[in-house]
Amino acid sequence: MSLTSSLHSLKISTSSNTQFLHGTTPLSLFSKPNFTPQNPSFSCLPPIRAMKTMQGRVVCATNDKTVAVEVVRLDTHPKYRRRVRKKKKYQAHDPDNKFKVGDVVQLEISKPISKTKSFLAVAVPPRTRSKKVEASAALLVMLVVVIMSLGFL
């Protein structure tokens with residue numbers, strides 16, 4: 001008897017402040033697929049861009065117009081917090097078959113060419129030595145020549 005009396009004493013308010021009662025929610029904000037928040041500080045931020053180019057070494061060049069490139073990156077170990085090398089192989093498009101095993105190439109993202117290829121292999125120009133390195137190499141050669149002329153070598 002007390003249970004039924006307590007249920008009757010409960011009053012369900014049907015005023016406008018209970019919007020979620022019986023599924024009568026105003027879906028004007030949630031039903032729009034292109035809903036953007038009204039906070040203007042988010043719209044001023046630049047868009048986040050993913051990594052578009054990677055650099056790696058060709059490990060397989062036997063397929064026609066395709067090279068397998070191994071990209072090595074450093075990442076922290078989840079438990080030990082030490083930086084470890086992570087390797088991943090990507091298939092890249094090589095339209096002229098000009099890359100051989102061991103070449104260093106740059107991978108640029110492109111539209112998917114096949115099921116596994118969505119990168120384009122681009123040649124990386126060879127590194128040029130700076131003037132300081134060349135000067136120190138020339139100095140080292142001169143030093144070796146002087147030592148050899150004195151008869152120490």
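**Notes on a predicted barrel-and-helix model**

1. Let's start in the strands. Strand 4 and strand 5 (residues 117–123) pair in the antiparallel sense, over 5 bridges. For a place to look, find Val-105, which stands opposite Ala-123 in strand 5. Please keep in mind as you read that this is a predicted model.

2. Strand 4 has another partner to look at. Strand 4 (residues 104–109) is joined to strand 1 (residues 53–60) by 5 bridges, and the two run antiparallel. Here Gln-55 faces a residue with its own name, since it stands opposite Gln-106 in strand 4.

3. Now turn to strands 2 and 3. How many bridges join strand 2 (residues 66–76) to strand 3 (residues 83–93)? There are 11, and these strands run antiparallel too. In this pair, Arg-73 stands opposite Lys-86 in strand 3. A general reminder may help here: strands of a sheet pair through backbone hydrogen bonds, and they do so either parallel or antiparallel.

4. Next, put the strands together. In what order do the strands of the closed barrel run? The order is 1-2-3-5-4, a barrel of 5 strands with mixed pairing. From one strand to the next, the twist averages 50°.

5. It is worth stepping back to the whole chain. The protein has 3 helices and 5 strands. Reading from the N terminus, you meet the elements as α-α-β-β-β-β-β-α. Of the 153 residues in the protein, 12% are buried.

6. Then follow the chain to helix 3, which covers residues 131–150 and includes Met-148. Is Met-148 buried or exposed? Met-148 counts as exposed because its relative accessible area is 52%, and the cut-off for exposed is over 50%.

7. Met-148 also has company on the surface. Together with Leu-140, Leu-143 and Val-144, Met-148 forms a nonpolar patch there. The accessible area of these four residues together is about 380 Å².

8. Finally, compare the model with the record. An unreviewed UniProt entry carries the annotation "transmembrane region" for residues 135–152. In the model, that span is 89% helix and 0% strand. The C-alpha atoms at the ends of residues 135–152 lie 24 Å apart. When you look at this stretch, keep the two sources apart: the "transmembrane region" label comes from the UniProt entry, while the helix content is computed from the predicted model.

Note on methods. Residues are numbered from 1 along each chain as its sequence is written. This is a predicted model: local features need pLDDT of at least 70, side-chain atom pairs count only at pLDDT 80 or more; totals for chains, interfaces and linings use all residues. Side-chain values use heavy atoms; hydrogens and water are left out. UniProt positions are given in the numbering used here, feature names are shortened, and annotations may be inferred rather than shown by experiment. Helices (H or I, at least four residues) and strands (E, at least two) are DSSP runs, numbered from the N terminus. Patches are made of residues with over 30% relative accessible area and no salt bridge: like charges are joined within 9 Å, nonpolar side chains (Val, Leu, Ile, Met, Phe, Trp, Tyr) within 5 Å. Accessible areas come from the Shrake-Rupley method with a 1.4 Å probe; for residues, only the protein chains shown count as cover. A salt bridge is a side-chain nitrogen of Lys or Arg within 4 Å of a carboxyl oxygen of Asp or Glu. Buried means under 20% relative accessible area, exposed over 50%, partly exposed in between (1.4 Å probe, protein chains only). Two strands pair if DSSP finds at least two bridges between them. Axes are lines fitted to C-alpha atoms, for helices over the stretch in contact, and angles run from 0 to 180 degrees between N-to-C directions.
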